[in-house]
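Here are some exercises to work through with the model open beside you. Try each task yourself before reading its solution.

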Amino acid sequence: MSEQTRFDTKIAVLLREDLETWQRLNVTAFLVSGLGTAVPEVIGDPYEDADDVPYLPMFRQPVLVFEGTKETLTAAHTRTLSRALPRALFTSDLFATGHDRDNRAAVRAVPTAGLDLVGLAVYGPRNAVDKVLKGARMHP
(Lines give C-alpha, C1' and ligand atoms only; values in the text may rest on other atoms or scores of the structure.)
Protein backbone atom coordinates (compact mmCIF):
# COMPACT_ATOMS: atom_id res chain seq x y z
CA MET A 1 0.00 0.00 0.00
CA SER A 2 1.21 3.44 -0.77
CA GLU A 3 1.35 6.49 1.46
CA GLN A 4 -1.86 7.58 -0.27
CA THR A 5 -3.86 4.69 1.23
CA ARG A 6 -6.75 5.95 3.31
CA PHE A 7 -8.44 3.36 5.48
CA ASP A 8 -12.18 3.31 6.13
CA THR A 9 -11.38 2.30 9.70
CA LYS A 10 -9.20 3.76 12.42
CA ILE A 11 -7.16 2.32 15.27
CA ALA A 12 -6.70 4.95 17.96
CA VAL A 13 -5.22 5.12 21.42
CA LEU A 14 -6.16 7.94 23.78
CA LEU A 15 -3.83 8.57 26.72
CA ARG A 16 -4.37 10.80 29.71
CA GLU A 17 -2.05 13.79 29.34
CA ASP A 18 -0.56 13.58 32.84
CA LEU A 19 1.15 10.20 32.37
CA GLU A 20 4.91 9.82 32.61
CA THR A 21 6.72 8.67 29.45
CA TRP A 22 7.20 5.09 30.66
CA GLN A 23 3.50 4.93 31.53
CA ARG A 24 2.45 6.19 28.08
CA LEU A 25 4.52 3.51 26.38
CA ASN A 26 3.36 0.74 28.71
CA VAL A 27 -0.32 1.69 28.47
CA THR A 28 -0.17 1.95 24.68
CA ALA A 29 1.41 -1.49 24.35
CA PHE A 30 -1.18 -3.10 26.62
CA LEU A 31 -4.12 -1.39 24.92
CA VAL A 32 -3.27 -2.31 21.35
CA SER A 33 -2.64 -5.93 22.31
CA GLY A 34 -6.32 -6.16 23.19
CA LEU A 35 -7.48 -4.91 19.81
CA GLY A 36 -5.22 -7.28 17.95
CA THR A 37 -6.72 -10.31 19.66
CA ALA A 38 -10.39 -9.29 19.56
CA VAL A 39 -10.55 -7.81 16.06
CA PRO A 40 -8.60 -10.17 13.77
CA GLU A 41 -9.19 -8.07 10.66
CA VAL A 42 -6.83 -5.38 11.99
CA ILE A 43 -3.89 -7.79 11.69
CA GLY A 44 -1.99 -8.07 8.40
CA ASP A 45 0.07 -10.92 7.03
CA PRO A 46 3.28 -12.25 8.61
CA TYR A 47 6.58 -10.62 7.64
CA GLU A 48 9.65 -12.29 6.20
CA ASP A 49 13.08 -10.83 5.48
CA ALA A 50 15.26 -11.49 2.43
CA ASP A 51 16.83 -14.50 4.20
CA ASP A 52 13.39 -16.09 4.70
CA VAL A 53 13.41 -15.43 8.46
CA PRO A 54 9.75 -15.15 9.55
CA TYR A 55 8.31 -12.44 11.82
CA LEU A 56 4.93 -12.03 13.45
CA PRO A 57 2.18 -10.13 11.67
CA MET A 58 1.34 -6.62 12.85
CA PHE A 59 -1.50 -4.18 12.39
CA ARG A 60 -2.41 -3.62 8.76
CA GLN A 61 -2.88 0.11 9.30
CA PRO A 62 -1.35 2.86 11.43
CA VAL A 63 -2.18 3.25 15.11
CA LEU A 64 -2.89 6.90 15.89
CA VAL A 65 -2.05 8.05 19.41
CA PHE A 66 -3.90 10.95 21.03
CA GLU A 67 -3.85 12.60 24.44
CA GLY A 68 -6.35 14.49 26.50
CA THR A 69 -7.49 15.42 29.96
CA LYS A 70 -9.13 13.03 32.37
CA GLU A 71 -12.48 14.56 31.35
CA THR A 72 -11.72 14.03 27.65
CA LEU A 73 -10.90 10.39 28.34
CA THR A 74 -14.10 9.87 30.33
CA ALA A 75 -16.20 11.44 27.56
CA ALA A 76 -14.46 9.33 24.91
CA HIS A 77 -15.11 6.19 26.95
CA THR A 78 -18.81 7.06 27.21
CA ARG A 79 -19.03 7.67 23.45
CA THR A 80 -17.20 4.41 22.73
CA LEU A 81 -19.71 2.50 24.85
CA SER A 82 -22.72 4.20 23.24
CA ARG A 83 -21.40 3.26 19.78
CA ALA A 84 -20.55 -0.30 20.87
CA LEU A 85 -17.08 -0.05 19.29
CA PRO A 86 -14.36 -2.59 20.07
CA ARG A 87 -12.30 -1.11 22.91
CA ALA A 88 -9.62 -1.79 25.47
CA LEU A 89 -9.05 0.20 28.64
CA PHE A 90 -6.30 0.82 31.13
CA THR A 91 -7.05 2.24 34.57
CA SER A 92 -4.69 3.80 37.08
CA ASP A 93 -5.20 0.75 39.33
CA LEU A 94 -3.33 -1.42 36.80
CA PHE A 95 -0.03 0.33 37.54
CA ALA A 96 -0.09 -1.41 40.94
CA THR A 97 -0.86 -4.94 39.72
CA GLY A 98 1.64 -7.52 38.56
CA HIS A 99 -0.16 -9.80 36.14
CA ASP A 100 -3.24 -10.34 34.01
CA ARG A 101 -5.44 -11.95 36.68
CA ASP A 102 -4.91 -9.04 39.06
CA ASN A 103 -5.48 -6.56 36.22
CA ARG A 104 -8.87 -8.08 35.42
CA ALA A 105 -9.82 -8.17 39.11
CA ALA A 106 -8.88 -4.49 39.53
CA VAL A 107 -11.13 -3.45 36.64
CA ARG A 108 -13.93 -5.79 37.74
CA ALA A 109 -13.98 -4.20 41.22
CA VAL A 110 -14.97 -0.73 39.93
CA PRO A 111 -18.31 0.33 38.39
CA THR A 112 -18.07 1.78 34.87
CA ALA A 113 -18.70 5.35 36.02
CA GLY A 114 -15.97 5.07 38.67
CA LEU A 115 -13.15 3.81 36.45
CA ASP A 116 -10.04 6.01 36.74
CA LEU A 117 -9.11 5.78 33.07
CA VAL A 118 -5.58 6.54 31.91
CA GLY A 119 -5.87 4.98 28.46
CA LEU A 120 -8.39 3.78 25.92
CA ALA A 121 -7.94 2.02 22.58
CA VAL A 122 -10.74 1.95 20.06
CA TYR A 123 -11.28 0.53 16.59
CA GLY A 124 -14.04 1.18 14.14
CA PRO A 125 -15.24 3.21 11.18
CA ARG A 126 -13.05 6.30 10.80
CA ASN A 127 -15.92 8.77 11.30
CA ALA A 128 -17.18 7.00 14.43
CA VAL A 129 -13.70 6.92 15.99
CA ASP A 130 -13.22 10.61 15.13
CA LYS A 131 -16.44 11.40 17.03
CA VAL A 132 -15.28 9.32 20.00
CA LEU A 133 -12.02 11.30 20.12
CA LYS A 134 -13.67 14.73 20.06
CA GLY A 135 -11.62 17.07 22.24
CA ALA A 136 -8.46 14.95 22.10
CA ARG A 137 -5.29 16.03 20.32
CA MET A 138 -2.62 14.08 18.52
CA HIS A 139 0.15 12.95 20.85
CA PRO A 140 3.27 15.05 20.27
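**Exercise 1: A tyrosine at the surface**

Y55 has a relative accessible area of 44%, so it counts as partly exposed. This value, like the others here, comes from a predicted model.

Task: Find the element that holds Y55, and name the nonpolar surface patch that includes this residue.

Solution. Start with the secondary structure: Y55 sits in strand β3, residues 54-55. Next, look at the surface. Y55 forms a nonpolar patch with Y47, V53 and M58, and together they have about 390 Å² of accessible area.

**Exercise 2: The overall fold**

Task: Describe the order of helices and strands along the chain, then decide whether the radius of gyration agrees with that of a compact globule.

Solution. First, count the elements: the chain has 4 helices and 7 strands. Their order along the sequence is β-α-β-β-β-α-β-α-β-α-β. Then turn to size. A compact globule of 140 residues would have a radius of gyration near 14 Å; the chain has 16 Å, which agrees. Finally, consider the contacts: of those with a separation of 6 or more, 75% are between residues 24 or more positions apart.

**Exercise 3: The nonpolar cores**

Task: Work out which elements give two or more residues to the largest nonpolar core.

Solution. Begin with the members. This core has 17 residues, and V13, V27, L31, F90, A121 and Y123 touch the most other members. The elements giving two or more residues are β1 (9-16), α1 (21-38), β5 (87-91) and β6 (117-125). Helix α1 provides the largest share, with 4 residues. Now follow one member outward: beyond its sequence neighbours within four places, V13 is in contact with residues including T28, L31, V63, F66 and A121. A second, separate core has 14 residues, among them L73, L85, V129 and V132. As background, nonpolar side chains in soluble globular proteins tend to be buried together.

**Exercise 4: A valine in β6**

Task: Is V118 buried or exposed, and which residues does it touch, not counting those up to four places away in sequence?

Solution. V118 lies in strand β6. Its relative accessible area is 1%, and buried means under 20%, so V118 is buried. Its contacts beyond four places in sequence are L14, L15, R16, L19, V27, L73, F90, T91, S92 and F95. For a check on distance, take D18: V118 and D18 are 100 residues apart in sequence, yet their C-alpha atoms are 8.7 Å apart in space.

**Exercise 5: Salt bridges**

Task: Trace the network that links R16, D18, K70 and D116, then explain why the salt bridge of E67 and R24 ties together separate parts of the sequence.

Solution. The structure holds 8 salt bridges. In the first step, pair D18 with R16, where the closest N and O atoms are 2.8 Å apart. D18 counts as exposed at 52% relative accessibility, whereas R16 counts as buried at 11%. In the second step, pair D116 with K70, at 3.3 Å between the closest N and O atoms. D116 is in the loop between α3 (100-108) and β6, and K70 is in helix α2 (residues 70-82), so this pair ties together parts 46 residues apart in sequence. Together, R16, D18, K70 and D116 are linked in a network of salt bridges.

Last comes the bridge between the side chains of E67 and R24, 2.8 Å from N to O. Because E67 lies in strand β4 (residues 63-68) and R24 in helix α1, the pair ties together parts 43 residues apart in sequence. E67 counts as buried at 9% relative accessibility, and R24 is buried with a relative accessible area of 13%.

Terms used
Residues numbered from 1 in each chain as written. Predicted model: local features only at pLDDT ≥ 70, side-chain atom pairs only at ≥ 80, totals over all residues. Heavy atoms only, no water. Core = buried A, V, L, I, M, F, W, Y, C linked by side-chain atoms within 4.5 Å. Buried < 20%, exposed > 50% of the residue type's maximum accessible area, 1.4 Å probe, protein only. Contact = heavy atoms within 4.5 Å. Patch = residues over 30% accessible without salt bridge, like charges linked within 9 Å, V, L, I, M, F, W, Y side chains within 5 Å. Areas by Shrake-Rupley, 256 points an atom, 1.4 Å probe, with all protein chains shown as cover. Salt bridge = Lys/Arg side-chain N within 4 Å of Asp/Glu carboxyl O. Rg over C-alpha atoms; globule rule 2.2 N^0.38 Å.
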